[in-house]
Amino acid sequence: TGGKVDDVVYRLLKHGNDDDNEVQTEIFQSLSIIGRQQPLFVVTQSVDFIHKDSPKMSHCARVLQLIASIINDETCGDNKQQLLDGADSDLSKHIIAFATHQMTANKNQPLVQNSACKVLVSLSNQHCAAAIESILAHFSTGAIPSYYVLKSLADIAKANPVSFTEKLSEIFTKFTPILALVKKSDHVQIFTLALGRFAEAILKTQEEKAAAA
C-alpha cells in the first residue's frame, strides 16, 4: 500500500473514539469498506494500532470487532480466501497470540474480552488447531479456567465443529479432572454451554462423515 493509505487508515483508527457516536459509526464503516478491498492490510494495521497506541477499552473493543468482522468475511462462506498465510507464515500465529492476550490479560473488561473472543472464532475458520492450542495454554490442568477461555472454546465448536473435534481429546484432558470442582452457578452455566456445544460438534462431524461415505 502507499503511504497515503497507511496514513488514512491510521488516522481513522486513531479517531475511532470520537465523542460523537455518529462520527464513530462513519469511521468504522469507512474502515470496513477499506477492509473489503485490502483486508490483510487493515487487519495488521489494526493489530499494530492496539499494540502501539493502547486505546481505551471501549475503543479497543471496537477495533477488535472490526478485525473479527474482516477476517470472518474473508475466511467464511462460499467466497473464502486464504487471508493470513502466504507471504508471512507466522502472521496467523502472531494474530492468534494477540487475540488470546487481549481476551485473557484484560481482566473484568467484557467488551474487550468478548470482542477478542470473536477474533479467535474468526481465526478458527482457517486456523482452528492453532487457535485452540493458544486458548488451552490458559487452561491450567486441575484449575477452573476463566469464563472467556470456556466461551471461546464453545463458540469455536459451534462455528467450526468438524475442525474443532480434531482437538477434542486434548480439550477433554483439561476438562475431565475439574468437573467435580464446578459448583458455582456461573461456572455451571458456562460449563454446561461448552459441553453442549462440544456434543453438538461431535454430532455434526458424524453427520458429515456419514454423508460423505
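Before I start, one definition: I call a residue buried when its relative accessible area is under 20%, exposed when that area is over 50%, and partly exposed in between. By that rule Phe 175, at 1% relative accessibility, counts as buried, and please keep in mind throughout that what we are looking at is a predicted model.

Let me stay with the aromatic residues. A search of the whole structure finds 8 aromatic pairs, and one of them, between Phe 164 and Phe 198, is tilted, with 5.0 Å from centre to centre and 35° between the planes. Phe 164 belongs to helix α8, residues 161–165, while Phe 198 belongs to helix α10, residues 185–212, so this pair ties together parts that are 34 residues apart in sequence. Both Phe 164 and Phe 198 are buried.

A further pair joins Phe 175 to Phe 191, and here the arrangement is edge-to-face, at 5.3 Å between the centres and 70° between the planes. Because Phe 175 sits in helix α9 and Phe 191 in helix α10, the pair ties together parts 16 residues apart in sequence. Phe 191, like the Phe 175 I began with, is buried, its relative accessible area being 3%. Ring pairs also link these residues into a cluster, made up of Phe 139, Phe 164, Phe 172, Phe 175, Phe 191 and Phe 198.

Phe 172 also takes us to the surface. Phe 172 lies in helix α9, residues 168–175, and at 31% relative accessibility it counts as partly exposed. Together with Leu 179, Leu 195 and Ile 202, Phe 172 makes a nonpolar surface patch of about 280 Å².

Now to the charged side chains. The structure contains 6 salt bridges by a search of the whole model, and I will describe some of them. Within helix α1, residues 3–14, Asp 7 and Arg 11 are 4 residues apart, about one turn of the helix, and they form a salt bridge whose closest N and O atoms are 2.9 Å apart. Asp 7 is partly exposed at 36% relative accessible area, and Arg 11 is likewise partly exposed, at 49%.

In helix α7, residues 147–159, Lys 151 and Asp 155 also stand 4 residues apart, about one turn, and their side chains meet in a salt bridge of 2.7 Å, N to O. Are these two residues buried or exposed? Asp 155 is buried, with a relative accessible area of 17%, and Lys 151 counts as buried at 18%.

A network of salt bridges links Glu 133, Lys 167 and Glu 170. Within that network, Lys 167 and Glu 170 have their closest N and O atoms 2.8 Å apart; Lys 167 is buried at 12% relative accessible area, whereas Glu 170 is partly exposed at 34%.

Finally, a few words on the backbone. Helix α4 has 19 residues, which at 1.5 Å a residue should span 27 Å, and its end C-alpha atoms are indeed 27 Å apart, so the two values agree. The buried residues of α4 include His 59, Cys 60, Leu 64 and Glu 74. In the loop between α3 (39–53) and α4 (57–75) we find Ser 54, which has a positive phi of about 45° although it is not a glycine; Ser 54 is exposed, at 56% relative accessible area. Asn 108, in the loop between α5 (91–105) and α6 (110–136), also has a positive phi, near 55°, in a residue other than glycine, and at 70% relative accessibility Asn 108 counts as exposed.

Terms used: Residues are numbered from 1 along each chain as its sequence is written. This is a predicted model: local features need pLDDT of at least 70, side-chain atom pairs count only at pLDDT 80 or more; totals for chains, interfaces and linings use all residues. Side-chain values use heavy atoms; hydrogens and water are left out. Helices (H or I, at least four residues) and strands (E, at least two) are DSSP runs, numbered from the N terminus. Buried means under 20% relative accessible area, exposed over 50%, partly exposed in between (1.4 Å probe, protein chains only). Patches are made of residues with over 30% relative accessible area and no salt bridge: like charges are joined within 9 Å, nonpolar side chains (Val, Leu, Ile, Met, Phe, Trp, Tyr) within 5 Å. Accessible areas come from the Shrake-Rupley method with a 1.4 Å probe; for residues, only the protein chains shown count as cover. A salt bridge is a side-chain nitrogen of Lys or Arg within 4 Å of a carboxyl oxygen of Asp or Glu. Rings of Phe, Tyr and Trp (its six-membered ring) pair if their centres lie within 6.5 Å; planes under 30 degrees apart count as stacked, over 60 as edge-to-face and the rest as tilted. The expected span of a helix is 1.5 Å times one less than its number of residues.
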